[in-house]
Amino acid sequence: MLPYIGRRLLATIPVMAVVAVVVFSLLRLTAGDPAAIIAGDNATSADVEAIRAHLGLDRPLVEQFVIWLGRILRGDFGESFFFKKQVSQLILDRVEPTLALATTTLLLTIAVSIPLGVLAAWKRGTWIDRAVMSFSVLGFSVPVFVIGYALIYLFAIELAWLPVQGYQRLADGVGGFLARLVLPSVTLAVVFVALIARITRASVLEVLNADHVRTARAKGLGELPVLLRHVLRNAAVPIVTVIGIGVAVLIGGVVVTESVYGIPGLGRLTVDAVQARDYPTVQAVILLFSVAYVLINLLVDLSYTVLDPRIRY
Amino acid sequence: MRLGNGSVRLGGAIFGIIVAVGVLAPVLATTDPSAIDPTARNRKPGAEHMVRGEDGRPRAVRHWMGTDTLGRDVYSRVVYGARVSLVVGVTVALVSAAAGLVIGLIAGYVRALDGVVMRVMDGLMAIPAILLAIGLVSLSRAGLRSVILAIVIPEVPRVVRLVRSLVLSIREEPYVEAAVALGARTPALLRRHVVPNTLAPLVVQATFVCASAILLEAILSFLGVGIPPETPTWGNIMAEGRALFRVFPHNILFPGIFLAATVLAVNMLGDGLRDRLDPRVGRRL
């Protein structure tokens, strides 16, 4: 198992390297002078010169990349001219809402989608199956922000059960914190549930016809223990894989959902930074989200050895 | 031969209607979609309003979907918005499929390049599509072309992966071996034997790319980083409607319905085509 973990860790290095090169070149590909762009519209020529010297823009491109990467690895993402702050500080300030939203969405998704998928497979061909599959296609097609506004309209404006928008820090009270997370999490979970329910159904269907399931039933085991212990356990690997891949959908959804609900997280920061052409912040957020995505999928790959002890790479 | 299953027919029918709406936009629209009318701001759906026609005489215009904060007719904007969504969706699908086919063929056939090409594709796929697109549009002045390019780049790696895996299995087929034994040169071999066998899955994948591109364009517009706000796109109409959403939900509702229906139609078309043409291809993720 250790060599597998080692090899899997090594395999993430080229991926991370490509991500770093892409994010680095984002700024170098612009038509204008990167130093002037980073300095912003109100900068003096002295500011621009200082940034040029700091980034080493007069040196060869490869050397610039090495300087930039070295700073990133030390946690120095530069300074945001728009927010007048260190980008690393800015990110620390904004990380809580995003983590909270992502965690509640993930928990909600798993709690809803896996039972739905199992049910659809178990009741294959019935109206339950068709309803789940129809919801799944629909969930892929309705944009996150349309779902968001529909939910706000229904539950926050018409019924007035929940707050319309905003975020409350966990430190300021659990009740308000959770109340403001309900609608955003449900909004964000729709597409994710559609994805996971579909793959759960497909992978459970494959296991349902296996010999060991027939044996389990034949020895008189009830349906629920059969489904949980013999079917779901063996269907877990593809489900976990898609949950990992689906994190990309989740991250994209976070950007939109935070804008809809006015949540001051990293997604909202990305949009604000792009609109202000605040490139150091844009680069840092893209890099951070991508690294998180790669690491989550690394964990998913490593979980295979636990989920399916037969897997020996 | 029966043309497609239920999913293909329903999806195709809805898509056909949206295409017709886009093509016939000048006929269907009741006003100029960009015409600002300060006297007709924030009207509810169905409200009637007198405007001076081209001949100078006043005529009544019914705002089927109300008006926005600048007094623009939402119905006319929604109708014209179909054009942008369709152009973006179809163009991105075609360009991504073409680029993905070429790069995928190279990766699958030129073994020396495979490792490098696929590592680059893995890296691109590690950046969530919306973020990569947002980062790319921020580089240039936003317009139709830069938005299309910003959506193509995150979509291409998914096509490349598919084409490469197809090429890798096709090249082991006996008929390819036979063609090689008969002395077929690589370009002819690719053109006559490999490419035609990648087409069915490629068409299915292109359909899913189209659906995802329409969604991405709307998201970029909605976030205010896509096509400039004067242009009527579904995302722009919704972005405009955000401020007064509590009072006038129709500015988000109507374009939202059109957007969802279009994406749903394309997804159904893709699902149906996949079942029909190639059951091996998994769903786009």
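This is a short chat about reading the interface and the salt bridges in a predicted model.

Visitor: Which ground rules apply here?

Guide: Local features need pLDDT of at least 70 and side-chain atom pairs count only at pLDDT 80 or more, while totals for chains, interfaces and linings use all residues. Residues are numbered from 1 along each chain as its sequence is written, chains are lettered from A and ligands numbered from 1 in the order in which they are written, and side-chain values use heavy atoms, leaving out hydrogens and water.

Visitor: How many residues does each chain bring to the contact?

Guide: The size of an interface is often given as the accessible area lost when the parts come together. Here chain A and chain B bury about 3,700 Å², 79% of it on carbon and sulfur atoms (accessible area lost, 1.4 Å probe, summed over both parts). Chain A gives 46 residues and chain B gives 42, with contact meaning heavy atoms within 4.5 Å.

Visitor: What about salt bridges between chain A and chain B?

Guide: Side chains of opposite charge can pair when their charged atoms come close. The cut-off is a side-chain nitrogen of Lys or Arg within 4 Å of a carboxyl oxygen of Asp or Glu. There is one between chain A and chain B: Arg198(A) with Asp271(B), closest N and O atoms 3.5 Å apart.

Visitor: Where do Arg268(A) and Asp272(A) sit, buried or exposed?

Guide: Both are buried, that is, under 20% relative accessible area (exposed is over 50%, partly exposed in between; 1.4 Å probe, protein chains only). Their side chains form a salt bridge at 2.8 Å, N to O.

Key:
Buried area = accessible area lost by both parts, 1.4 Å probe.
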